[in-house]
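Grab a coffee and work through these exercises with the model open beside you. Try each task before you read its solution.

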Amino acid sequence: MVEWTDSERAIITSIFSNLDYEEIGRKSLCRCLIVYPWTQRYFGGFGSLYNAETILCNPLIAAHGTKILHGLDRALKNMDDIKNTYAELSLLHSDKLHVDPDNFRLLADCLTVVIAAKMGPAFTVDTQVAWQKFLSVVVSALGRQYH
């Protein structure tokens, strides 16, 4: 089990309280699909992903990005048991969707870039430490079924 300080909990809660889920979700998933084009293979049913412009304008990608961020709400609300909170989601992504677990890390990295850009100077070293810790626990929980 991961130990969280009061400061880390406050930082993570603060980040989520100021998130525009639609904007950040869309930008993060789009960035991941553009920067790491091999991740597009899991989105074959989402229409044309031919280039950056089509990805950025794709409403299904935008909606899924928002869905991903709302999924992170579950981790926020269950910070002391993220592994079990994501057990079913991990199983879905490993057994049914066959998503390469490294893609969770790539998306987490893109989410960090987007949030850091949005927060600007408020994304301090302490903020990044707490945020990276949070996302690493989420990524580990999502990859749990692969081990």
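**Exercise 1: the cavity**

Which residues line the largest cavity? Work out the lining, then its elements and its chemistry.

*Solution.* Keep in mind that this is a predicted model.

Step 1: search the whole structure, and you get one cavity of 30 Å³ or more. The volume of the largest cavity comes to about 40 Å³.

Step 2: list the lining, which is made up of Gly25, Ser28, Leu29, Gly65, Ile68, Leu69, Leu107 and Leu111.

Step 3: map those residues onto elements; α2, α4 (59-77) and α7 (102-119) are the ones that give two or more residues to this lining.

Step 4: sort by class, and the largest cavity has five nonpolar and three polar residues around it, with no charged ones. Gly goes in the polar bin here.

**Exercise 2: the second largest pocket**

Find out which residues line the second largest pocket, and which element supplies the largest share.

*Solution.* Step 1: get the volume, about 180 Å³ for the second largest pocket.

Step 2: collect the lining residues, and you should have Met1, Val2, Met79, Asp80, Asp81, Ile82, Lys83, Val137, Ser140 and Ala141.

Step 3: assign them to elements. Both α5 (82-85) and α8 (125-142) supply at least two residues, and α8 has the largest share with three residues.

Step 4: classify the lining of this pocket: six residues are nonpolar, one is polar and three are charged.

**Exercise 3: one face of a helix**

Why do the buried residues of α1 line one face of the helix?

*Solution.* Step 1: check the geometry. Helix α1 (residues 6-17) has 12 residues and spans 16 Å from its first C-alpha to its last, close to the 16 Å expected at 1.5 Å a residue.

Step 2: pick out the buried residues of α1, using under 20% relative accessible area as the cut-off; they are Glu8, Ile11, Ile12, Ile15 and Phe16.

Step 3: look down the axis of α1, where these buried residues fall within an arc of 130°, so they line one face.

Step 4: turn to the other side of α1, and you find Asp6 and Ser17 exposed.

**Exercise 4: how far to trust it**

Which helix has the lowest mean pLDDT, and which the highest?

*Solution.* Step 1: start with the whole chain, where the mean pLDDT is 89 and 88% of the residues reach 70 or more.

Step 2: go element by element; helix α6 (residues 87-96) has the lowest mean, 61, while helix α2 (residues 21-35) has the highest, 97.

Step 3: apply the usual caution, which is not to read predicted coordinates in detail where pLDDT is low.

Note on methods:
Residues are numbered from 1 along each chain as its sequence is written. This is a predicted model: local features need pLDDT of at least 70, side-chain atom pairs count only at pLDDT 80 or more; totals for chains, interfaces and linings use all residues. Side-chain values use heavy atoms; hydrogens and water are left out. pLDDT is the predictor's confidence in each residue, from 0 to 100. Helices (H or I, at least four residues) and strands (E, at least two) are DSSP runs, numbered from the N terminus. On a 1 Å grid over the protein atoms alone, a cavity is a set of points where a 1.4 Å probe fits but cannot get out, and a pocket is an open set with protein on both sides within 12 Å along at least five of seven lines; lining residues have an atom within 4 Å of a point. Grid points are joined across faces, edges and corners, and a volume is the space filled by probe spheres set on the points. The expected span of a helix is 1.5 Å times one less than its number of residues. Buried means under 20% relative accessible area, exposed over 50%, partly exposed in between (1.4 Å probe, protein chains only). The arc is that of the directions from the helix axis to the C-beta atoms.
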